[in-house]
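Work through the exercises below with the model open beside you, and try each task before reading its solution.

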Amino acid sequence: DKHGYRLPLMNDLVDILGLRGVIEKCGLDWRTRNFEDIYADLASWPRHDDARAEIEERVTRYFGSLELPDSPTIYDYLVLSLRNKDLIATFNWDPLLMQAAKRNDVAGDGPGILYLHGCAAVGICTQHSKEGPLGEACPICRRLLEPARLLYPVRDKNYAANPYIASRWRVLRAALSEAYVVTIFGYGAPQSDAAAMDL
């Protein structure tokens with residue numbers, strides 16, 4: 001990113017975010033595993049709630065700190081190449097796509113963006129099913145938008161249990177049913193993420 005922070009993959013996230021110590025204290029082997037599988041193990045044992053909460057906080061803080069470099073990026077080209085009838089659906093936790101849409105001023109003219117399991121820059125109002133940049137207010141109740149959840153246990157990602165996330169998946173399913181062209185860009189998920197693989 002702009003400050004030299006690396007954008008982690010699920011296979012190197014533990015190292016980049018310095019989570020080895022937290023995970024090893026729980027007795028889990030992390031070396032050859034996808035981060036989401038490790039997180040699913042932590043979430044399945046209540047005795048690891050403190051470790052899970054620390055990991056959630058560190059992941060949210062790290063991804064929330066990322067910024068686009070000043071030079072154009074793939075995110076800029078992506079939002080500028082699409083129209084308002086197009087849709088980007090992303091699993092990325094980082095705020096870079098939102099930053100690209102904002103700095104290229106594509107609101108209204110550019111593509112819609114769906115964050116399929118949260119984003120460090122997105123805030124939500126669960127009462128009114130509204131989303132926007134974190135730190136802004138809900139346009140209806142004027143309360144500050146709350147951070148969207150980023151992490152879900154991968155083996156039982158019950159997206160339907162979170163009304164905001166469930167609504168994003170409904171929009172995506174409808175869009176896919178009418179799509180003329182679908183491009184999958186850089187997608188990789190553990191086989192255990194049944195909901196994503198089924199979609």
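**Exercise 1.** Find which residues of helix 7 are buried.

*Solution.* The buried residues of helix 7 are Y164, I165, A166, S167, R168, W169 and L172, where buried means under 20% relative accessible area with a 1.4 Å probe and protein chains only. Residues are numbered from 1 along each chain as its sequence is written. The model is predicted, so that local features need pLDDT of at least 70, side-chain atom pairs count only at pLDDT 80 or more, and totals for chains, interfaces and linings use all residues, while side-chain values use heavy atoms, with hydrogens and water left out.

**Exercise 2.** Compare the reach of helix 7 with the expected span.

*Solution.* Helix 7, a DSSP run (H or I, at least four residues) numbered from the N terminus, covers residues 163–178, which is 16 residues. From first C-alpha to last it reaches 23 Å, close to the expected 22 Å, the expectation being 1.5 Å times one less than the number of residues.

**Exercise 3.** Place I124 and list what it touches.

*Solution.* Begin with the location: I124 lies in strand 3, residues 122–125, a strand being a DSSP run of E with at least two residues. Next, I124 is buried, at a relative accessible area of 6%. Finally, leaving out residues up to four places away in sequence, I124 touches K130, E131, L145, E146, A148 and Y164, contact meaning heavy atoms within 4.5 Å; Y164 is also one of the buried residues of helix 7.

Terms used: Buried means under 20% relative accessible area, exposed over 50%, partly exposed in between (1.4 Å probe, protein chains only).
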